[in-house]
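Me: Could you take a close look at one part of this model for me, the place where the chains meet, and the aromatic rings that go with it? Plain talk is fine.

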2 protein chains.
Amino acid sequence: MTFDPQAWIDAMRAGDRATLGRAVSLVESARADDRPKAAALLSALGPARVDVHRVGVTGPPGVGKSTLIDRLGVRTLEAGHRVAVLAVDPSSERSGGSILGDKTRMTRLVADPRAFVRPSPSRGALGGVARRTREVMRLLEGVGYDRVFVETVGVGQSEALVAQLTDTVVGLLSPGIGDGLQGVKRGLLEWVDVAAVTHADGPQAEAAERTRRQFEAALSLFEGRDDGWRVTVLAVSSTEGTGIDALFEAVEAHHRHLCAGGRLPARRAAQRVRWMWHLVETGLVERLRSSSAAAAWEAAVAGGEVAPETVADRIVRQCAETLAGAVEHGA
Amino acid sequence: MTFDPQAWIDAMRAGDRATLGRAVSLVESARADDRPKAAALLSALGPARVDVHRVGVTGPPGVGKSTLIDRLGVRTLEAGHRVAVLAVDPSSERSGGSILGDKTRMTRLVADPRAFVRPSPSRGALGGVARRTREVMRLLEGVGYDRVFVETVGVGQSEALVAQLTDTVVGLLSPGIGDGLQGVKRGLLEWVDVAAVTHADGPQAEAAERTRRQFEAALSLFEGRDDGWRVTVLAVSSTEGTGIDALFEAVEAHHRHLCAGGRLPARRAAQRVRWMWHLVETGLVERLRSSSAAAAWEAAVAGGEVAPETVADRIVRQCAETLAGAVEHGA
């Protein structure tokens, strides 16, 4: 049976979520023989929509990302949008892995036919997930989802990664961090567009408001952004639903801010070019790292027997010579 | 005349600063025929010293980096160390460039025979400066300087870069940033080991102390570090010399912290391996970017005609095929 991309797309646009699940798996697949099918599917989607908003949600484990996305997603559906949720785990190389996009914590969204929730990707696909996330977003957008949430665990370089993939980064904080109970990653501050303190209910309501004020004061120490956007800091409760309207409004306001003056298309174009070079860099280094010589290079450099510059110069020179002819044509 | 590395090294160890200046230029040089000489010189230095401390100093333009390094450098000389100062400008690709390591603002250090100040590198060498900074540090350390300060302008990815090259990062802040007068880069927070508010004198003394407290409070929102180090926030005056002793002590305390339990050698070894891959990544992408096809790839990706993943996949696959044989031997 031949693969018919248009039939798949028609089914997905008609609301067939089983096909959508299969299509996401196809795009995420690391198998070489799946790539041509995935490429055919993606190119059959036609031009990218410009009215789509990509929202990254990040924060430390336990802050309540999944339950918040459930609430915010439902609020977004109520505003007439179609919502998709994806998970990305940049720490996937490590053995442990994290449970992301937990379906059991997104009960409202999972039950709604206007939403699509992609749970934690299967173990085997993990290595390629971040690499393919942008393509999965393209797929979801191409079949009708105009609000795509990307849940990420706030470890490693995840904020930097999600900021490169999405239009708006929502950073979540736990109440009481200023009281020494729990901290947030320092890197968060650099990437966040909208911030929210979670669990602002019951006995923690006061601590949440205190943390909100502290974080707002901390932000005032840092310079304004080139684009004139001012970060909002909110307190929200996924249990009681308080602050969810304000969060929805802040996220939409950032989208409008990006759309004004044509900022969004320019930003996306720059993101695509950076993403291409990012993939080339990581792809080439991955190949070199897995070469039989790599362990010996690393050991020699770590042991101080040879300078990193010396090894790097040799690798780059040697590669450049072999590449000189190859890169001019083909891509 | 043949190049005699040992004669150069003997001269530099005897305090010949003209030869040292020439040697630094040689190591920084981007000329292909200078590389073998630079490599010979560096390898003749013998094993790296472990009692050397590398200190990065970063902060926004106008915060007073050069005058502070002058004060801190003199204090470090008084403690019996030999001091070298380097400048690194990661924004050097951009046309403007910045004046770094300004000799006219380091009058005390420049006049002291126990110190070596390398001013802003010449325009032609800029591209290679960050790439060669680690080697220049090795040279300075190898001829007797045991405290090396690296001044960097706080723009772009400079904090991340300087954190990869040095043992301790000192982040400088201006007074009054919390009052909306001036901001610091958000990225600073992620990398700083010791923080100091400058200009804590005369009419600005009060604002400096207020900023110090605000920054200390802001830091308490963020999680502790894996290594158990606690960031100190000081107020200093380069004019009056207040706070300089405390700053010197904080910097030395961080050095002792790193040395305890063998953390420093392990950290340096990991830095060297990361630095090697960083140079390979940037080197290869630089070659690819300057290939005749690169502009066409970028335009097609920016315009949305082709997906970044598609172009990246093709480049990586093609390179990997040509590289497969080449990387196994030689380096």
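Reply: First, a word on "buried": a residue is buried under 20% relative accessible area, exposed over 50%, and partly exposed in between, using a 1.4 Å probe and protein chains only. This is a predicted model, where local features need pLDDT of at least 70, side-chain atom pairs count only at pLDDT 80 or more, and totals for chains, interfaces and linings use all residues. Side-chain values use heavy atoms, with hydrogens and water left out.

Start with Trp277(A), which is buried at 2% relative accessibility. Its partner across the interface is Trp297(B), and the two rings make a tilted aromatic pair, 6.2 Å centre to centre with 55° between the planes. For such pairs, rings of Phe, Tyr and Trp (its six-membered ring) need centres within 6.5 Å; planes under 30 degrees apart are stacked, over 60 edge-to-face, and the rest tilted. Trp277(A) sits in helix 11 (residues 263–289) of chain A and Trp297(B) in helix 12 (residues 294–302) of chain B, so this pair joins two chains. Helices here are DSSP runs (H or I, at least four residues), strands likewise (E, at least two), numbered from the N terminus. Trp297(B) is buried too, at 4%.

Now for the contact as a whole. With contact meaning heavy atoms within 4.5 Å, chain B puts in 72 residues and chain A 72 residues. About 7000 Å² is buried between them, 66% of it from carbon and sulfur atoms; that area is the accessible area (1.4 Å probe) lost on putting the two parts together, summed over both. On the chain B side, Arg186(B), Leu221(B) and Trp277(B) lose the most area to chain A, together 13% of what that side buries.

There are charges as well: six salt bridges cross the interface, where a side-chain nitrogen of Lys or Arg must be within 4 Å of a carboxyl oxygen of Asp or Glu. One salt bridge links Arg35(A) to Asp313(B), with the closest N and O atoms 3.9 Å apart.

How do the chains relate? Superposed by least squares on C-alpha atoms of residues with pLDDT of at least 70 in both, chain B lands on chain A with an RMSD of 0.0 Å after a turn of 180° and a shift of 0.0 Å along the axis. That is the relation of a two-fold axis. The same surface serves both copies, as 100% of the contact residues of chain B recur in chain A. Within chain B, Ala218(B) comes closest to the rotation axis, its C-alpha at 2.4 Å.

Notes:
Residues numbered from 1 in each chain as written. Chains lettered and ligands numbered in written order.
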